[in-house]
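Please open the structure in your viewer and keep the sequence panel beside it. The tour below proceeds by selections, and at each stop it says what to pick and what is found there.

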Amino acid sequence: MSPDPTDAVQSAFDELGRLSFAEHSLESVLQRVTDLATRVLPGEPVTSVTVVERGKPATAAASGELALTLDETQYRLGSGPCLAAASTGRPSELVDTRAATDWPEFAAHAAEQGCGSVLSFPFPAQERVAGALNVYARRFTVSDPRTLDVLGRFAAYAVVPVSNMYLYESAMERAGHLQTALDSRAVIDQAKGILMERFKLTADQAFQVLTRVSMESNTKVRDVAERFVRTGELPTG
């Protein structure tokens, strides 16, 4: 790291602030965070995102195999800085994996993997998502206050676009599922209407026809309805 990292850190912050959701995925945002971290932080860092849903942690994205491996080590052990940050909402640091008093078992594994230090910074509390951005130094990082200050500032800033990207992708996924559900309902209602008109059935009777054909042909009701609307024919088992 240069003697005066202020300009480099501010430049990295500016680049993070310019990231566009429309042009990136969570993985590419995280890779960009890692690239910028490498520019301004010592230790050849790699990064990952831990998300805890229904009490179960998972890695949403990782910029390198080391980050993924150490995330999964913490999940297996049930303890570590990333789990602490995600669950408590407070930053967690492991300054020196070779002389750790916190999470000694994880620290020993990390040191064996060539990781010198770890910082996990939680997602912003207002997002109501339990998660953390994890920064793993692939070689030992000198634990001077200045380095730790730069590391903390970087992680605190970088976690915002990372968490926003995660929430954006989650919302898009939910919207996609919702649209699929709405599309399915629409085509099923259309098929029911045709059956009601053609065979003078009630709405319930028409739906029973679709479900019976679905079971007999081992085909989803939506697919049965879609084919019927398109061809006027019901598949047979």
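The stops run from the whole chain to the sheet, then to the cores, and finally to single residues.

**The whole chain**

Begin with the cartoon of the full protein, bearing in mind that this is a predicted model. The protein contains eight helices and five strands, and if you follow the chain along its sequence, these elements come in the pattern α-α-β-β-α-α-β-α-β-β-α-α-α. Of the 237 residues, 41% count as buried. If you display contacts between residues at least 6 apart in sequence, 59% of them join residues at least 24 apart.

**The sheet**

Select the five strands next, which form an open sheet in the order β2-β1-β5-β4-β3, with antiparallel pairing. At the edges stand β2 (residues 56–62) and β3 (residues 92–94), and since each has a single partner strand, one side of each is left without a neighbour in the sheet. From one strand to the next, the twist averages 20°.

Now restrict the selection to β1 and β5, which pair in the antiparallel sense over eight bridges. To find your place in this pairing, pick V51 and look across to G131 in β5, the residue that stands opposite.

**The nonpolar cores**

In soluble globular proteins, nonpolar side chains tend to be buried together. With side chains shown, select L16, L41, F123, F154 and V162, the residues with the most contacts inside the largest nonpolar core, which has 31 residues. At least two residues of this core are supplied by each of α1 (6–17), α2 (26–40), β1 (45–53), β4, β5 (130–137) and α6 (145–199), and the largest share, nine residues, comes from α6.

Centre the view on L16 and, leaving aside its neighbours within four places in sequence, you will find it in contact with V33, L36, F154, Y157, A158 and P161. A second, separate core has 12 residues, and V187, I188, A191 and L210 are included in it.

**Helix α4 and the cysteines**

Select residues 81–88, which make up helix α4, a mostly covered helix in which six of the eight residues are buried. The buried ones are P81, C82, L83, A84, A85 and A86. Just after the helix, pick G89, which takes a positive phi of about 75°.

While C82 is on screen, colour the cysteines. C82 has a relative accessible area of 0% and is therefore buried, the cut-off being under 20%, and C115, at 1% relative accessibility, also counts as buried. The structure holds zero disulfides.

**S120 in strand β4**

Move to S120, which is found in strand β4 (residues 117–122). Is S120 buried or exposed? Its relative accessibility is 0%, so S120 counts as buried. Add the side chain of N134 to the selection, and a polar contact of 2.8 Å can be drawn between the side chains of S120 and N134. Apart from neighbours within four places in sequence, S120 is in contact with P81, C82, A85, P91, S92, L133 and N134; P81, C82 and A85 in this list are also among the buried residues of α4.

**E72 in helix α3**

Select E72, which lies in helix α3 (residues 65–77). E72 is partly exposed, with a relative accessible area of 45%. Add T59 and draw the C-alpha to C-alpha distance, which is 7.9 Å, although E72 and T59 are 13 residues apart in sequence.

**Two loop residues with positive phi**

Finish with R54 and K200. Where does R54 lie? R54 is placed in the loop between β1 and β2, and its phi is near 55°, a positive value in a residue other than glycine. With a relative accessible area of 90%, which is over the 50% cut-off, R54 is exposed.

K200 is in the loop between α6 and α7 (203–217), where it has a positive phi of about 55° although it is not a glycine. K200 has a relative accessible area of 63% and is therefore exposed.

Note on methods
Residues numbered from 1 in each chain as written. Predicted model: local features only at pLDDT ≥ 70, side-chain atom pairs only at ≥ 80, totals over all residues. Heavy atoms only, no water. Disulfide = S-S within 2.5 Å. Buried < 20%, exposed > 50% of the residue type's maximum accessible area, 1.4 Å probe, protein only. Helix = DSSP H or I, 4+ residues; strand = E, 2+ residues; numbered from the N terminus. Polar contact = N/O pair within 3.5 Å; in protein donor to acceptor, adjacent residues only side chain to side chain. Contact = heavy atoms within 4.5 Å. Core = buried A, V, L, I, M, F, W, Y, C linked by side-chain atoms within 4.5 Å. Pairing = 2+ DSSP bridges. Axes fitted to C-alpha atoms, helices over the stretch in contact; angles between N-to-C directions.
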